[in-house]
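The following exercises are to be worked with the sequence and the coordinates at hand. Each consists of a task and a stepwise solution.

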Amino acid sequence: MGYLDGFKVTFNKLFEKRVTTSYTIGEGEKAPKPDRLHGRHVLNRYEDGMEKCIGCELCAGVCPARCIYVRGADNPPDDPVSPGERWGFIYEINYLRCIHCDLCVEACPTEAITETKLFEFSFTNRHDAIYTRDELLVGDDGRPSTCPGKTGARVRTG
Amino acid sequence: MLGDPLYAGDVGLAEVLITLLKVVVLFALMTVAVMLMVWFERKLVADMQNRIGPTRAGPWGILQTLADGVKLIFKEDIVPDKAERRVFILAPFLAVVPAFLLFSIIPIGGNFNDGNNGVVEWFGHQTYLQLADPPIGILFALALSSIAVYGVMLAGWSSGSKYPLLGSVRASAQMVSYEAALGLSVAAVVLVSGSLSTHDIVAWQAGPGAGDIIPNWNLVVAGVVPFIVFVIAGTAELNRPPFDLVEAEQEIVGGYQTEYSSFRFALFYLAEFLNTITMSAIFVTLFLGGPSGPIIVGPTWIWPTLWFLLKLFVFLFMFVWLRATLPRFRYDQLMNLGWKLLIPVALGWFLLLAAIRVADDQGWNGLVVIGAALAIFGVATALLVGAVRSGQRARELGEVFD
């Protein structure tokens, strides 16, 4: 039909399967994510509760967006935070800058920093966009803190 | 013929109250119809693009428009510093009032079969199921659609910003050029039906058609050409895709609406969708016999309105389908289509109908008249094409600067 073929295409779409996926499946459960999704970072711990981060600042060095700020310090001998010589006593990621390239994860020698599939970022001011080690560190149960910097956030210290 | 029988005798309190009731019902109906139309358009476009469209507000997202409207009303109303304040504030109303008025001449029900003439009885008073039946009928519609241009034009001009101005310049050029084609195809309908009143045009179409099988619709009687011209020109007049150069988002942001916010923006949207519904209703009234149709079973009063809604729905679907399918016209294509194709075709068809009519009255040989008319059309088409070609060639050679 020449000119009118396009109308057939759009009309046939009416009976095709929809590609939209729901945000949630049932009550509160989120739809499955792609395998290689890059979400929010976490700082991992060893099974004994020791932090993996040794404050080497390689992640900060490799970051193309310059969004990571790390400062290392010597471990206190009587109560070491990490098994190595040093630990990261400041660890901040600015999520207004982070491009989720995962280079920090690749650079990390101890697999201290990894990315989760958490993707729901919302801030009401710029300061909230900076996630500190309180919010990045996984809890004692090895799970990421639920909603950092917001109400109900788990507040932990070093 | 006689106009609404409601006003045939003395006009007392009862007549005024019935008219007021009609106004209120029509207003409510239009508002709800716009709400549903916006939802329908979003849903259908989504369906045509493998998406699901709005689902959150109400069942199947049917209250989405209401939610959007409430949101818009509570937004901050911004008037830019450089705007021409009074005109800027007035323009949306200039767009929305004609849109509401236009529907008042559309017959939306009443039995037209067997010489019933679409009269219904309300509270013991005979009346038509339309708000107004002015003898000038369809001219009123053309006049109001011309006034609606001012809303768009003044909105763009008064915004004090370049993109709205560009949009409004496009709007005025487009709407003025397509109004000519619109008027010429309406003229063909008026010539065949012998009346300007919308009610009489519908009553005429309700009469027995050829062989008592084919309906006496103007789509058949006046020919399919004015119908096609009218639909294309009507779509252009509405600034709907593929003729939405006026608000072409990719080129000129939002056209005339760019500087508008809050309730005034909502009013422009309201006007746009009202006009879509009204234009569909005018298609139905002029070409598809309005509410006329067979009474099949059940109460008599419900069928004409059902037929009307069914026919209306066809065009509403068509508008959404056009939007989902066709890319936007380029500006020169738009002008070429309007001036070099639609207007000559509409005019030619109108003259052909007139010639047949005169031949009929004078008792001339119909075949000879049609043959002569076609020959003249051949010559005229050749002349027009030649003129367009030579103009093009001259422009390419740089002899004409434009």
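For these exercises, contact means heavy atoms within 4.5 Å. The model is a predicted one.

**Exercise 1. The interface**

Task: Describe the interface between chain B and chain A, beginning with the residues in contact and ending with their classes.

Solution.
Step 1. Under the contact criterion, 12 residues of chain B meet 11 residues of chain A.
Step 2. Between the two chains about 1,100 Å² is buried, and carbon and sulfur atoms give 66% of this area. On the side of chain B, the most area is lost by B:Met48, B:Asn50 and B:Trp321, which together account for 47% of what that side buries.
Step 3. The count of salt bridges between chain B and chain A is one. Its partners are B:Asp47 and A:Arg18, with an N to O distance of 3.2 Å. Eight residue pairs are in polar contact across the interface.
Step 4. In chain B, helix H1 (13-48) and helix H11 (302-325) each supply at least two residues of the side that touches chain A. H11(B) gives the largest share, five residues.
Step 5. Sorted by class, this side of chain B has eight nonpolar, two polar and two charged residues.

**Exercise 2. The nonpolar cores**

Task: Determine how many residues the largest nonpolar core has, and which helix supplies its largest share.

Solution.
Step 1. The largest nonpolar core has 86 residues, and B:Phe103, B:Phe230 and B:Leu286 have the most contacts inside it.
Step 2. Among the helices of chain B that each supply at least two residues of this core are H1, helix H5 (162-193) and helix H12 (331-362). The largest share, 14 residues, comes from H10(B).
Step 3. Setting aside residues up to four places away in sequence, B:Phe103 touches B:Leu26, B:Met30, B:Ile108, B:Ile277, B:Thr278, B:Ala281 and B:Phe308.
Step 4. Another core, of 20 residues, lies apart from the largest one; A:Ile93, A:Tyr95, A:Cys98 and A:Tyr131 are among its members.

**Exercise 3. Two residues of chain B**

Task: Is B:Asn239 buried or exposed? Which residues does B:Leu191 contact beyond its neighbours within four places in sequence?

Solution.
Step 1. Buried means under 20% relative accessible area. B:Asn239 has 4% relative accessibility and therefore counts as buried.
Step 2. B:Asn239 is placed in the loop between H8 and helix H9 (249-252) of chain B. Not counting residues up to four places away, B:Asn239 touches B:Gln174, B:Met175, B:Asp244, B:Val246 and B:Glu247.
Step 3. B:Leu191 belongs to helix H5 of chain B and, at 23% relative accessibility, counts as partly exposed.
Step 4. Beyond its neighbours within four places in sequence, B:Leu191 contacts B:Phe350, B:Leu353, B:Ala354 and B:Arg357. B:Leu191 and B:Phe350 are 159 residues apart along the chain, yet their C-alpha atoms are separated by 8.2 Å.

**Exercise 4. Salt bridges**

Task: State how many salt bridges the rule gives over all chains, and examine two pairs in chain A.

Solution.
Step 1. Over all chains the count is 10 salt bridges.
Step 2. A:Glu51 and A:Arg133 form one, with the closest N and O atoms 2.6 Å apart. The pair links distant parts of the chain, 82 residues apart: A:Glu51 is in the loop between strand E3 (41-43) and helix H2 (58-62), A:Arg133 in helix H4 (residues 133-136). Both A:Glu51 and A:Arg133 are buried.
Step 3. A:Asp74 and A:Arg86 form another, at 3.4 Å. A:Asp74 lies in strand E4 and A:Arg86 in strand E5, so the pair ties together parts 12 residues apart in sequence. A:Asp74 counts as exposed at 54% relative accessibility, whereas A:Arg86, at 33%, counts as partly exposed.

Definitions and conventions. Residues are numbered from 1 along each chain as its sequence is written. Chains are lettered from A and ligands numbered from 1 in the order in which they are written. This is a predicted model: local features need pLDDT of at least 70, side-chain atom pairs count only at pLDDT 80 or more; totals for chains, interfaces and linings use all residues. Side-chain values use heavy atoms; hydrogens and water are left out. Buried area is the accessible area (1.4 Å probe) that two parts lose on being put together, summed over both. A salt bridge is a side-chain nitrogen of Lys or Arg within 4 Å of a carboxyl oxygen of Asp or Glu. A polar contact is a pair of N or O atoms within 3.5 Å; within protein, one must be able to donate a hydrogen and the other to accept it, and residues adjacent in sequence count only if both atoms are side-chain atoms. Helices (H or I, at least four residues) and strands (E, at least two) are DSSP runs, numbered from the N terminus. Ala, Val, Leu, Ile, Met, Phe, Trp, Tyr, Cys and Pro count as nonpolar, Asp, Glu, Lys and Arg as charged, and the others, Gly among them, as polar. A nonpolar core is a set of buried Ala, Val, Leu, Ile, Met, Phe, Trp, Tyr and Cys residues joined through side-chain atoms within 4.5 Å. Buried means under 20% relative accessible area, exposed over 50%, partly exposed in between (1.4 Å probe, protein chains only).
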